[in-house]
Amino acid sequence: MNINLSLTDDERHACRRAALLLKALAGGLREAGTRHEADTCAGYAATLDGIVASGECCDVTSDGKVDVEQAAFVLEGIRDGLDNADLDEGADFVQRDIERLNDIVFRYNSAAGAMS
Amino acid sequence: MAEQVVLAVGDMCGPPRKNPGAEATAALARRLLKDHPDAIILALGDNAYNSGEYVEYQDHYAPSWGQPDLLGRTWSCPGNHDYRTAAAAPYFQYFGEQRAGTPSRSYYSVPLASAGWHLVSLNSEIEQDAHSPQLRWLRDDLAARRFGPILAIWHRPRWGSGAHRDSKKPRWFLNEMYAARAEVILNGHAHHYERFAPQRPDQIPDPQGPRQFIVGTGGRKLQGRTKDTPNSEYARFDQYGLLKLTLRPDAYRWEFISVDSRVLDTGEQPIHEHQSLTHR
C-alpha cells in the first residue's frame, strides 16, 4: 500500500542521520564478513535516503515503512551501546531520531487504516 | 458482583526457533482455565510473528493460543508486527470486530460486568496525540463508562527497563488514564515481565496513578535488561509466563506465573478510593 506522507523537517533530518549511521554500520559489517546483515542495513539506509530525497511529501510503500521501523530498531541498539559507554549525549540524540522515525511509522499506519 | 480473572500476555507465536515459549504459555493458560473457567484472555499484540500475515496466524497462532477454548475468550490489541501487513488487516480479520475492532476503528472497550471493571483496548501503533480520532474516542469512552475501575491494554509501553526502553508516544494515553484514575495498564512489545509502582505520567510516584505491567513473555525469544527505570518494582528477564489478574469491585490481585506454574510475583491493591463510588 502506497501512502503519501508529509514529513516535517525534524523527521527528514532524523532519516538523513539514521541513514548515515546505517551506512557506516553496513560498511563495518561488510568488513567483518556478515554480508547479509550489511546488505540489509544498507537497504534500510537506501530507503531512508529515498525518503529524504523526496522532500516534504513522499510516497512510502508498505515495505518502505517496515524498513523505517527496522532502522529504528537498529538505532535502538546504537543508542543502548552509547549509553553503556556513558556517551550520554549521543544516546539522547539517537533516541530523538528513533522517536521521529516512529512518528513516520505511526502516521503511515493511521493513514493505511483510514484507507481500509 | 463477583470477580473476573484475566490472563494476559503478548508477543507469543511464530516460528518455533524464534518463539520457543509459545506452546508452553498456551498450555499454562489452559491449566489455569481449569480453576477459572470464566477467565478471559488479553492478547497484548505481536501475537503472530513475523508480520501478522493471516498464514502466520493460521500456522503459528491457531495450533496453540488460537485453539477454540482459548481464542473464544480472547480480546486483543494490535502490535507493531501486526502492522507489517497493510493496516494490520489479517490481525483484525482473525480476531474479528468484536474482539479487536477494525482497521479503521482499532480501539474499543468492554464492560467486565461480573467484577464491575471497564476494559479499554487501545492501538499504540497509530497516531494517538491530543487531536487524533483515537484520543477523542478515548475521552468520550471513559466519560461514558458504566464502571469506575479501568483496565487498559495497549502494545507499546510508556516505560520499560528492557528492549526498546521507553516510548514517548503513549504519554497521551497515560495522561488520560491518570486523569480517569485508571487502575492497571498492560503492555507487551518488550520480551520480559516488569511491574511498576503506581505513578503519575511524569514518573512521580503516586498511589492515585495507574500501575503499569509489561508482559511480553508469551513465547518470543526473551530479551534482557538495558537500563534501570524509576518506579520499577519487579522485573524478570528469564521466564516465559503470563499475568493472572483477579479483578474485584474493590481491589485487584496480580500473579506473574511462569510456564512451570511458579508464582514469581504477586500482590494485591485496593482500587482508588473515589472509584468505588462511581458505579453507575
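**Loops, sheet and chain contact**

Asn231(B) lies in the loop between strand 9 and strand 10 of chain B. In this predicted model, Asn231(B) has a positive phi of about 70°, although it is not a glycine. The residue is partly exposed, because 18 other C-beta atoms lie within 10 Å, a count below the 20 needed for a buried residue and above the 12 that would make it exposed. A positive phi is also found at His189(B), where the angle is about 80° and the residue is again not a glycine. His189(B) is placed in the loop between strand 7 and strand 8 of chain B. Unlike the partly exposed Asn231(B), His189(B) counts as buried, because it has 25 C-beta neighbours inside 10 Å and the cut-off is 20 or more. Most residues other than glycine have a negative phi, and most peptide bonds are trans.

Further backbone features of this kind occur elsewhere in chain B. Arg181(B), which follows helix 7 of chain B, has a positive phi near 60°. The peptide bond from Tyr49(B) to Asn50(B) is cis, and its omega is near 10°. Asn50(B) is located in the loop that runs between strand 2 (residues 40-43) and helix 2 (residues 54-61) of chain B.

The strands next to the loops of Asn231(B) and His189(B) belong to a sheet. Chain B contains an open sheet of 7 strands in the order 4-5-6-7-9-8-10, and the pairing is mixed. Strand 4 and strand 10 (residues 232-236) of chain B are the edge strands, each pairing on one side only. From one strand to the next, the twist averages 15°.

At one edge of the sheet, strand 4 (residues 108-112) of chain B runs antiparallel to strand 5 (residues 117-121) of chain B, and 5 bridges join the two. Within this pair, Pro111(B) stands opposite His118(B) of strand 5. The hairpin formed by strand 4 and strand 5 of chain B has 4 residues between the strands, and Gly116(B) in this hairpin takes a positive phi near 75°.

Strand 8 (residues 193-196) of chain B has strand 9 and strand 10 as partners. It is antiparallel to strand 9 (residues 211-215) of chain B, to which it is joined by 3 bridges. The pairing of strand 8 with strand 10 of chain B is also antiparallel and comprises 4 bridges. Glu194(B) takes part in both pairings: its bridge partner in strand 9 is Ile214(B), and in strand 10 it stands opposite Ala235(B). Strand 8 of chain B is covered on both faces, with Tyr193(B) and Arg195(B) buried on one side and Glu194(B) and Phe196(B) buried on the other.

Helix 7 (residues 171-179) of chain B has Trp172(B), Phe173(B), Leu174(B), Glu176(B) and Met177(B) as its buried residues. These pack against helix 6 (residues 133-144), strand 6 (residues 150-153) and strand 7 (residues 184-187) of chain B.

In chain A, the packing of two helices was examined. Helix 2 (residues 35-54) and helix 3 of chain A pack at an angle of about 120°, and their axes are 9 Å apart. The crossing of helix 2 with helix 3 of chain A is left-handed. Helix 2 of chain A contributes Cys41(A), Gly43(A), Tyr44(A), Thr47(A) and Leu48(A) to this contact, while helix 3 of chain A contributes Gly64(A), Asp67(A), Val68(A), Gln70(A), Ala71(A) and Val74(A). By class, the residues of this contact comprise 6 nonpolar, 4 polar and 1 charged.

The contact between the chains involves 17 residues from chain A and 17 residues from chain B. On the side of chain A, the elements that supply two or more residues are helix 3 (residues 62-84) and helix 4 (residues 88-115). Helix 4 of chain A gives the most to this side, with 9 residues. The chain A side is made up of 5 nonpolar, 6 polar and 6 charged residues.

Asn109(A) lies in helix 4 of chain A. Across the chains, Asn109(A) touches Tyr83(B), Glu125(B) and Ile126(B). Asn109(A) is buried, since 26 other C-beta atoms are found within 10 Å and 20 or more suffice. Within chain A, Asn109(A) and Ser62(A) are 47 residues apart in sequence, and their C-alpha atoms are 9.3 Å apart in space.

Key:
Residues numbered from 1 in each chain as written. Chains lettered and ligands numbered in written order. Predicted model: local features only at pLDDT ≥ 70, side-chain atom pairs only at ≥ 80, totals over all residues. Pairing = 2+ DSSP bridges. Contact = placed C-beta atoms within 7 Å. Nonpolar A, V, L, I, M, F, W, Y, C, P; charged D, E, K, R; others polar. Axes fitted to C-alpha atoms, helices over the stretch in contact; angles between N-to-C directions. Left-handed = near helix turned anticlockwise from the far one by under 90°. Lists of a residue's contacts leave out its neighbours within four places in sequence.
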